[in-house]
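User: Could you go through this one with me, starting with the overall picture and then moving on to single residues?

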Amino acid sequence: QATTYGFTPGSREGAAGYDVVLDNERVRAWRLVLAPGERAPASTQAAPGLRIVVRGGEIVERVQGRPDRAMAPRVGEFYWQDGDVTRAVQNIGTTPIELVEVELK
């Protein structure tokens with residue numbers, strides 16, 4: 001029987017670019033595809049989780065009050081992400097990127 005971890009994930013409803021791909025009693029996951037130069041609006045990740053790289057490239061992640069963070073994630077990599085953080089992501093590379101972001105419940 002499935003149990004939850006005691007977190008409440010964000011919704012990202014209305015955040016352009018994010019599509020829910022999984023929502024069950026343990027996790028909620030969104031797919032994000034960005035063309036070169038495209039950006040996803042800031043959205044709050046309410047619960048801890050993972051960012052999984054499906055198609056890599058070059059991105060910059062913006063968190064208010066912190067320096068911008070440029071990254072070059074590669075296919076198959078994944079990153080732990082703390083909850084209660086509002087992030088915006090922009091594709092600064094020359095190829096499309098695809099990420100799946102998962103939050104625990």
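Analyst: What follows is a conversation about a predicted model, going from the whole chain to individual residues.

User: How many helices and strands does the protein chain come to?

Analyst: The protein chain has zero helices and nine strands, so that its pattern, read along the sequence, is β-β-β-β-β-β-β-β-β. The radius of gyration is 13 Å, close to the 13 Å that the globule rule gives for 105 residues, so the protein chain is as compact as a globular protein of that length.

User: And what box do the C-alpha atoms fill?

Analyst: Taken along the principal axes, the C-alpha atoms of the protein chain fill a box of roughly 45 × 30 × 25 Å. Of the contacts in the protein chain with a separation of 6 or more, 71% are accounted for by residues 24 or more positions apart.

User: How much of the protein chain counts as buried, and how much area does it expose?

Analyst: Of the 105 residues, 41% count as buried, while the exposed area of the protein chain is about 5900 Å², with carbon and sulfur atoms supplying 51% of it.

User: What about the charges, how many positive and negative side chains are there?

Analyst: There are 13 positive and 14 negative side chains in the protein chain, and the centres of the two sets lie 2 Å apart.

User: Which residues make up the largest nonpolar core?

Analyst: The largest nonpolar core has 12 residues, namely A15, Y18, W30, L32, L34, A40, V53, I59, M71, V89, I97 and L99. Two strands, β2 (27-34) and β9 (97-104), each supply at least two residues of this core, and β2 gives the most to it, with three residues. As a general tendency, nonpolar side chains in soluble globular proteins are buried together.

User: Let's pick V89 from that core; where does it lie, and is it buried or exposed?

Analyst: V89 lies in strand β8, which covers residues 85-91. With a relative accessible area of 2%, V89 is buried, because buried here means under 20%.

User: What does V89 touch?

Analyst: Not counting residues up to four places away in sequence, V89 touches L34, E38, R39, A40, R51, I59 and V60; among these, L34, A40 and I59 are also members of the largest nonpolar core. The C-alpha atoms of V89 and V63 are separated by 9.1 Å, with their positions 26 residues apart along the chain.

User: Switching to P73, where is it found and what is it in contact with?

Analyst: P73 is found in the loop between β6 (69-71) and β7, and its relative accessible area of 2% makes it buried. Leaving aside neighbours within four places in sequence, P73 is in contact with V53, G56, G57, I59 and Y79, of which V53 and I59 belong to the largest nonpolar core. P73 and L99 are 26 residues apart in sequence and 9.5 Å apart in space, C-alpha to C-alpha.

User: Now the segment before β1: where do F7 and Y5 stand on accessibility?

Analyst: F7, which has its place in the segment before β1 (18-23), counts as partly exposed at 36% relative accessibility. Y5 lies in the segment before β1 as well, and is partly exposed with a relative accessible area of 45%.

User: And which residues are they in contact with?

Analyst: Leaving aside neighbours within four places in sequence, F7 is in contact with A47, P48, L104 and K105, and Y5 with R26, L104 and K105, so that L104 and K105 appear in both lists.

User: How far apart in space are F7 and R26, and what separates Y5 from A35?

Analyst: F7 and R26 are 9.2 Å apart, C-alpha to C-alpha, and 19 residues apart in sequence. The C-alpha atoms of Y5 and A35, 30 residues apart along the chain, are separated by 34 Å.

User: Last topic, backbone angles: which residues have a positive phi although they are not glycine?

Analyst: R12 has a positive phi of about 55°, and D84 has one of about 60°. For context, most residues other than glycine have a negative phi.

User: Are those two buried or exposed?

Analyst: R12, in the segment before β1, counts as buried at 8% relative accessibility, whereas D84, in the loop between β7 (78-81) and β8, is exposed with a relative accessible area of 68%.

Methods
Residues are numbered from 1 along each chain as its sequence is written. This is a predicted model: local features need pLDDT of at least 70, side-chain atom pairs count only at pLDDT 80 or more; totals for chains, interfaces and linings use all residues. Side-chain values use heavy atoms; hydrogens and water are left out. Helices (H or I, at least four residues) and strands (E, at least two) are DSSP runs, numbered from the N terminus. The radius of gyration is taken over C-alpha atoms; the globule rule is 2.2 Å times the number of residues to the power 0.38. Buried means under 20% relative accessible area, exposed over 50%, partly exposed in between (1.4 Å probe, protein chains only). Contact means heavy atoms within 4.5 Å. Accessible areas come from the Shrake-Rupley method with a 1.4 Å probe; for residues, only the protein chains shown count as cover. Lys and Arg count as positive and Asp and Glu as negative; His and the chain ends are not counted. The place of a charge is taken as NZ of Lys, CZ of Arg, CG of Asp or CD of Glu. A nonpolar core is a set of buried Ala, Val, Leu, Ile, Met, Phe, Trp, Tyr and Cys residues joined through side-chain atoms within 4.5 Å.
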